[in-house]
Amino acid sequence: MLQSMLSGAVAMAWLACALFFLRFWKQSHDRLFAFFAVSFAALGVNSVVAALIDAQDERRYYIYVARLVAFLIILYAIWDKNRASRRG
């Protein structure tokens with residue numbers, strides 16, 4: 001019971017971060033904020049799926065692949081922002 005409540009709180013925090021960056025993207029149209037919003041939304045969905053999947057399920061390792069993709073999106077966003085600032 002406590003674990004599902006904490007998983008819900010973590011998912012809510014990820015999705016709140018996604019909405020935070022989505023608001024900044026709407027104001028500035030900066031790609032960095034869009035990438036961050038997508039990444040945090042993916043982490044929020046990932047947290048919900050992790051709470052719903054049984055611990056004995058053999059497909060559970062896909063959760064870690066999704067997390068890896070989300071963090072790679074963040075790294076790409078930072079790299080893209082630094083590359084764009086050098087050009088202009």
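Helices, as the term is used here, are DSSP runs of at least four residues, numbered from the N terminus. In this predicted model, helix 1 covers residues 2-28, helix 2 covers residues 31-52, and helix 3 covers residues 61-87. The description below takes the helices in turn, then their contacts, and then several individual residues.

Helix 1 contains 27 residues and extends 39 Å from its first C-alpha to its last, close to the 39 Å expected at 1.5 Å a residue. For helix 2, the 22 residues should span 32 Å at 1.5 Å a residue, and the end C-alpha atoms are indeed 32 Å apart, which agrees. Helix 3, with 27 residues, should span 39 Å by the same rule of 1.5 Å a residue, and the separation of its end C-alpha atoms, 39 Å, agrees with that value.

The axes of helix 1 and helix 2 come within 8 Å and cross at roughly 165°. Since angles over 145 degrees count as roughly antiparallel, helix 1 and helix 2 are therefore roughly antiparallel to each other. The crossing in which helix 1 passes helix 2 is left-handed. On the side of helix 1, the contact is made by Ser-7, Val-10, Ala-11, Trp-14, Leu-15, Cys-17, Ala-18, Phe-21, Leu-22, Phe-24, Trp-25 and Ser-28, while helix 2 contributes Phe-33, Ala-34, Phe-36, Ala-37, Phe-40, Ala-41, Leu-43, Gly-44, Ser-47, Val-48 and Ala-51. Classified by type, the residues in the contact of helix 1 with helix 2 comprise 19 nonpolar, four polar and no charged residues.

The axes of helix 2 and helix 3 come within 9 Å and cross at roughly 170°, which makes helix 2 roughly antiparallel to helix 3. The residues of helix 2 that take part are Arg-31, Leu-32, Phe-35, Phe-36, Ser-39, Phe-40, Ala-42, Leu-43, Asn-46 and Ala-50, and they meet a set in helix 3 that includes Ile-63, Ala-66, Arg-67, Ala-70, Phe-71, Ile-73 and Ile-74. The contact of helix 2 with helix 3 divides into 16 nonpolar, two polar and four charged residues.

The buried residues can be considered helix by helix. In helix 1, Ser-7, Ala-11, Ala-18 and Phe-21 are buried, and what covers the buried residues of helix 1 includes helix 2. In helix 2, the buried residues are Leu-32, Phe-36, Ala-37, Ser-39, Phe-40, Leu-43, Gly-44, Asn-46, Ser-47 and Ala-50, and their cover includes both helix 1 and helix 3. In helix 3, the buried residues are Ile-63, Ala-70, Ile-74, Ala-77 and Asp-80, and these pack against helix 2. An α-helix has 3.6 residues a turn, so residues three or four places apart point the same way.

Two residues of helix 2 illustrate its packing against helix 3. Ser-39, which lies in helix 2, has a relative accessibility of 0% and therefore counts as buried; leaving aside its neighbours within four places in sequence, Ser-39 is in contact with Ala-70, Phe-71, Ile-73 and Ile-74. Leu-32, likewise a residue of helix 2, counts as buried because its relative accessibility is 18%, where buried means under 20%. With neighbours within four places in sequence again set aside, Leu-32 is in contact with Ala-77, Ile-78 and Lys-81. The C-alpha atoms of Leu-32 and Met-1, which are 31 residues apart along the chain, are separated by 37 Å.

Other residues are accessible to some degree. His-29 is found in the loop between helix 1 and helix 2, and its relative accessibility of 58% means that His-29 counts as exposed. The phi of His-29 is near 55°, a positive value in a residue other than glycine. In helix 3, Ala-66 counts as partly exposed at 35% relative accessibility, and its C-alpha lies 18 Å from that of Ala-34, the two residues being 32 apart in sequence. Leu-72, also placed in helix 3, counts as partly exposed at 46% relative accessibility; the C-alpha atoms of Leu-72 and Phe-21, which are 51 residues apart along the chain, are separated by 17 Å.

Conventions: Residues are numbered from 1 along each chain as its sequence is written. This is a predicted model: local features need pLDDT of at least 70, side-chain atom pairs count only at pLDDT 80 or more; totals for chains, interfaces and linings use all residues. Side-chain values use heavy atoms; hydrogens and water are left out. Axes are lines fitted to C-alpha atoms, for helices over the stretch in contact, and angles run from 0 to 180 degrees between N-to-C directions. Angles under 35 degrees count as roughly parallel, over 145 as roughly antiparallel, 65 to 115 as roughly perpendicular and the rest as oblique. Contact means heavy atoms within 4.5 Å. Ala, Val, Leu, Ile, Met, Phe, Trp, Tyr, Cys and Pro count as nonpolar, Asp, Glu, Lys and Arg as charged, and the others, Gly among them, as polar. A crossing is left-handed if the near helix is turned anticlockwise from the far one by less than a right angle, and right-handed if clockwise. The expected span of a helix is 1.5 Å times one less than its number of residues. Buried means under 20% relative accessible area, exposed over 50%, partly exposed in between (1.4 Å probe, protein chains only).
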